[in-house]
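Hi,

Here is the structure I promised to pass on. Have a look at it first, and my notes follow underneath.

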Amino acid sequence: MNYRLEPQPYEWISRDKTIRFTFEGREFQAFEGDSISSGLLANGQLILGRSFKYHRPRGALTLANHDANALFQTEAEPNVRGDVVALEPSMKLTACNVNGTVAKDKDAKIEYVARFLPVGFYYKTFHKPKKFFPFWEKMIRSKAGLGHVNTQWDAQRQSKSYAFCDLLVIGAGLSGMQSALAAADAQLNVVLVDENPFIGGSLDYQLAHEPRVKALRESLKESVSTHPNIRLYTSTLAVGWYTDHYLPLLTPHGMIKLRSRAVIHATGVMEQPAVFRNNDLPGVMMASGIQRLISRYAVKPGQNALVLTSNVEGYRAALDMFEAGIAVVAVVDMESIAQRGEWAERVLAKGIRVLEKHGIYEAIGRQTLQRAIVAPLSGESCDLSKKEIFDCDLIAMSVGWVPAAQLIYQAGGKLSYDDTLQQFVPEFLPKGIFVCGRLNGAFTVDQRIADAKAVAQEAVAFLKGQKESRDLTQYRDTTAHSHPWPIIEHPKGKNFIDFDEDLQLKDLKNAILEGFDNIELLKRFSTVGMGPSQGKHSNMNAIRVLARSQGLGINATGSTTARPFFHPVPISALAGRRFRPERRSPLHAWHEAHQAKFMEAGVWLRPEYYGASSARLDCIQEEVEAVRSRLGIIDVSTLGKIEVMGPDAARLLDLAYTMKMSTLKQGMTRYALMVDDSGVIIDDGIVGRLASDQFYVTATTSHADATYKILSKYVQFCGLNVRLVNRTGSLAAINLAGSESRKVLAPLTSISLSESNFPYLGMREGLLCGYPVRLIRVGFVGELGYEIHLPHNAALEVWQRLMVAGQAVGIKPFGVEAQRILRLEKGHIIIGQDTDGLTHPYEVGMSWAVPLNSKAWFTGKPSLARLKSSCQRQLVGFKLAQGAPKNLVKECHLVIDNNEMVGRVTSVAYSPTQQCVIGLVMLDQPYADTSNPIHIRVDDGRLIRGERCSLPFYDPEGIRQTSAVEEVLV
Amino acid sequence: MKLLDCPVIGKRPISEFDYMGEIRIPPVDADEKTWSEYVFNRKGAPCSLREAWYHRPTGRWYVVVRNTVTDEIEAHVDISEVQYELPA
């Protein structure tokens, strides 16, 4: 039997291009432009899948991206929507959720026990006795779910792009095209999107043979396609609405993130099914789905059709089917024919029988539809004494619509039920959200054109800043297009409300009886609307059932919450690439050329160590050894570097840092500790004084921008006369550390490095290799050392000259790992590693940096005054016995006492200087107050014993870094 | 809010800003309870709030009045109006 029709006026298929594909191993042919479902239906393959729970045969329903029972498995992808996804040559398809074939599914036997599987069965049954749960879980999991993920998947990358417009119009049907055009004519920059590959919307399938719209269709399509102010995206879904009109547009090639100034929703309506026994048989379809099949794919899904309707759309569908050569055995109108007007007359004129005030009591068929029982409506069911049986293989359901308003709900809009239209319509719209067309209850062509023009005018006025609100109801239809109760009771059930989840009318009624009588509860208990179509053809009927059972109106019953995304979005469209800027020091190329292995430090890349990764630990140890015995050099350009200038500079630093900076002598530096209002340590660095009103401040690598921000906050909000310059990027910094540093540096600089001229913690300005530099004599790693701050373009030359000058003494560049070990040996903490979001100075032994008495104020002072006497933790040094394995204890390992956690390791490393593993632990105060040893639980569960030791581990008197220690206490 | 409609520099993506919360003055000589309130508690009730926003690309601070329900920026406040003094 041939299911393919003669060419249709607006068909999407290319008849000169044949596509061959297989389904369940059988070969099929279709045309390019066919969807999977239409290609199969054209070959008479009416069963497209099996239902989720009972494995009942299912066919096509909507052809509108909502067919949750026609999901296919390709080699690469599960759950491909057959109703809209285009066929590709050589596709190998099977149905999802089938055990066997769609014609013979072994799991279909589950239906025989269906009456023992009422709604909520799983929740109530399988958790007792507890020990059997794993068995049940395994069985349920193997039966649940739909397609199978191919774990040998190829990574697909899709690019993202950004777009901007004045106005986004969603939906390129009659209303969308008309409103986009009117707005574009008013000089707005318009983006028009439609999920279908071709524009036209329902004009092309519901009014395909209507001569009165022919000229209108052509002129609108031509105009929106060529208008210079309209960008048209087809095959593109607006899948969500986010604040300030930020909408992800899902295209076949990736996601466009669109920022619009306003949005017109012309998304139309989604057809709803009638509920009668066996309304899920293949052959029972939405009338609009049949019309889509006919006009888009030139496929007729049956030979003898019965139409069930309660609106004029059903009569139009009857005429379209008649036109396509399908015998229309009868039109069953649930209401009176009197209100159907000219469309009914045209149907009658074709000799088609119309039964008014009738319903379909039951559809009958073994695997697909064969017959239907029709009888006059009576109460909640039918009067069977007057039943008639019609032979048919197609039922067109045309009993109502719901607006595609998901994005309006997401934007905060509200809809209310209109008793005239028996449909939800927009009632309240947030700023910049506009609606028109059938979504807004305008159904006739004239109403839709007028509504579209009016909404365009409203949007234009809004974007011009004029306050104009229109009467949303002005162009709404005055007759209903939806039936208030398209539901027919049947004692044997199988009258499905939700095809996705196999929910029958009685399932919802039972759930309500069990007390789940609120729409959100009903949804969660029964799972209505939770399947792949997300309730697009089940929510409305569920609301009707609940409303009637509770004796409430539809508005009082309400609807469930709509959240993004409107349709499933492939992960490839969402997955991002690394889009994080990486900062590199001016010496990066030199490091690369010298085998540096890089690590991330905040936004920067820093050398972790130099050498082969196979010898990582040895390289690090050698670098440490070089600094301790001779000379090391490290790139510290990533340090935050801020100039602080002005009459209030000292005052600013006094406010921002705990220690007093106003007493700092010119040419000297001081350790600087920053805490927040709660007294928690947030940054440290050094402050150096260049003049009475000029300071130079360094901050940690990852906190540089935040420190600048905090300083600028005080400048602004305390009204200080200070100028700040963040020179983090413009200056480089090099630290030269080791006993030989003075000897190597002295010949290259104009600054005298003598102890008397340049003591420990001093800061001097001068020339180095001819470049203006600042030298700071810092402890840093606990050796005699100089930090060189210099223009970034001087960094490479100076570094290279220092390397040459240091060659004789064995200079060695060192990386971040060696620096950490060196600083750990000195007991210096790393902010953010040895401290966390609650650590205050008293917990890390830095009471010397908190001058509570000598300073009237600094940020966090009142909190620290309180915390001084109530420490809850203490940072303590420990070491393992000599010869203990070097990598056994790791950071974050727990300290255990009597099976209780009493602390954790914050830093740990093997110290070549101490010849043992050393580290820091943050201990609970009560345990810190004891002198008990420290037992650390390592990865394999063993407890490793460590001994406490005082800090610093290395050179506790600081003799190596200074011969004249300046007292930093204030 | 994805865009901050700053009365001074116009509409900018929110990602360019750091939110620094309601304008509050540290209660310098307060008792412990008042100080704890200041440190740990914030007003959550919907209102028109005077807030500090830091614009990272330019390193500038803005004080605006924002309706925390509708996210509309209702006014720009000159920083001099909210400046405070701290003990020296």
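How many residues of domain 2 of chain A are in contact with domain 3 of chain A, and how many of domain 3 take part? Ten from domain 2 touch twelve from domain 3. Before you read on, keep in mind that this is a predicted model.

Sticking with that pair for a moment: domain 2 comes in two stretches, 161–270 and 402–463, and domain 3 covers 273–399. Their C-alpha centres are 31 Å apart. Together they bury about 990 Å², with carbon and sulfur atoms accounting for 41% of it. On the domain 2 side, Tyr205(A), Gln206(A) and His209(A) provide 60% of the area buried against domain 3, more than any other three residues. As for charges and polar groups, there are two salt bridges between the two domains, and also two residue pairs in polar contact, counting those where both residues have pLDDT 80 or more. If you want a salt bridge to click on, try Glu342(A) with Arg212(A), where the closest N and O atoms are 3.5 Å apart.

The rest of chain A is split into domain 1 (12–151), domain 4 (485–571), domain 5 (639–728) and domain 6 (827–949).

Now the two chains. Chain B brings 25 residues to the contact and chain A brings 23. The area buried between them is about 2300 Å², and 64% of that comes from carbon and sulfur atoms. Three residues to look at on the chain B side are Lys2(B), Trp35(B) and Trp61(B): they supply 26% of what chain B buries against chain A, more than any other three residues. Three salt bridges cross this interface. In one between Asp18(B) and Lys709(A), the closest N and O atoms are 2.6 Å apart. There are also eleven residue pairs in polar contact across the interface, again with both partners at pLDDT 80 or more.

On to the interior. The largest nonpolar core has 91 residues, and Val644(A) and Tyr657(A) have the most contacts inside it. Where does this core lie relative to domain 5 and domain 6 of chain A? Both domains contribute residues to the core, so it sits between them. Val644(A) is a handy place to start browsing: leaving out residues up to four places away in sequence, its neighbours include Leu652(A), Leu653(A), Phe695(A), Val697(A), Val722(A) and Leu724(A), and also Asp693(A), Gln694(A) and Arg723(A). There is a second, separate core of 56 residues, with Val239(A), Leu407(A), Leu439(A) and Ile512(A) among them. As a general point, nonpolar side chains in soluble globular proteins tend to be buried together.

Last, the cysteines. The disulfide count over all chains is zero. Take Cys47(B): the closest cysteine sulfur belongs to Cys6(B) and is 19 Å away, so it is too far for a bond. Cys47(B) has a relative accessible area of 27%, so it counts as partly exposed. Cys769(A), in contrast, is at 13% relative accessibility and therefore counts as buried.

Happy browsing!

Definitions and conventions
Residues are numbered from 1 along each chain as its sequence is written. Chains are lettered from A and ligands numbered from 1 in the order in which they are written. This is a predicted model: local features need pLDDT of at least 70, side-chain atom pairs count only at pLDDT 80 or more; totals for chains, interfaces and linings use all residues. Side-chain values use heavy atoms; hydrogens and water are left out. A nonpolar core is a set of buried Ala, Val, Leu, Ile, Met, Phe, Trp, Tyr and Cys residues joined through side-chain atoms within 4.5 Å. Buried means under 20% relative accessible area, exposed over 50%, partly exposed in between (1.4 Å probe, protein chains only). Domain bounds come from an automatic or database domain assignment. Contact means heavy atoms within 4.5 Å. A disulfide is a pair of cysteine sulfur atoms within 2.5 Å. Buried area is the accessible area (1.4 Å probe) that two parts lose on being put together, summed over both. A salt bridge is a side-chain nitrogen of Lys or Arg within 4 Å of a carboxyl oxygen of Asp or Glu. A polar contact is a pair of N or O atoms within 3.5 Å; within protein, one must be able to donate a hydrogen and the other to accept it, and residues adjacent in sequence count only if both atoms are side-chain atoms.
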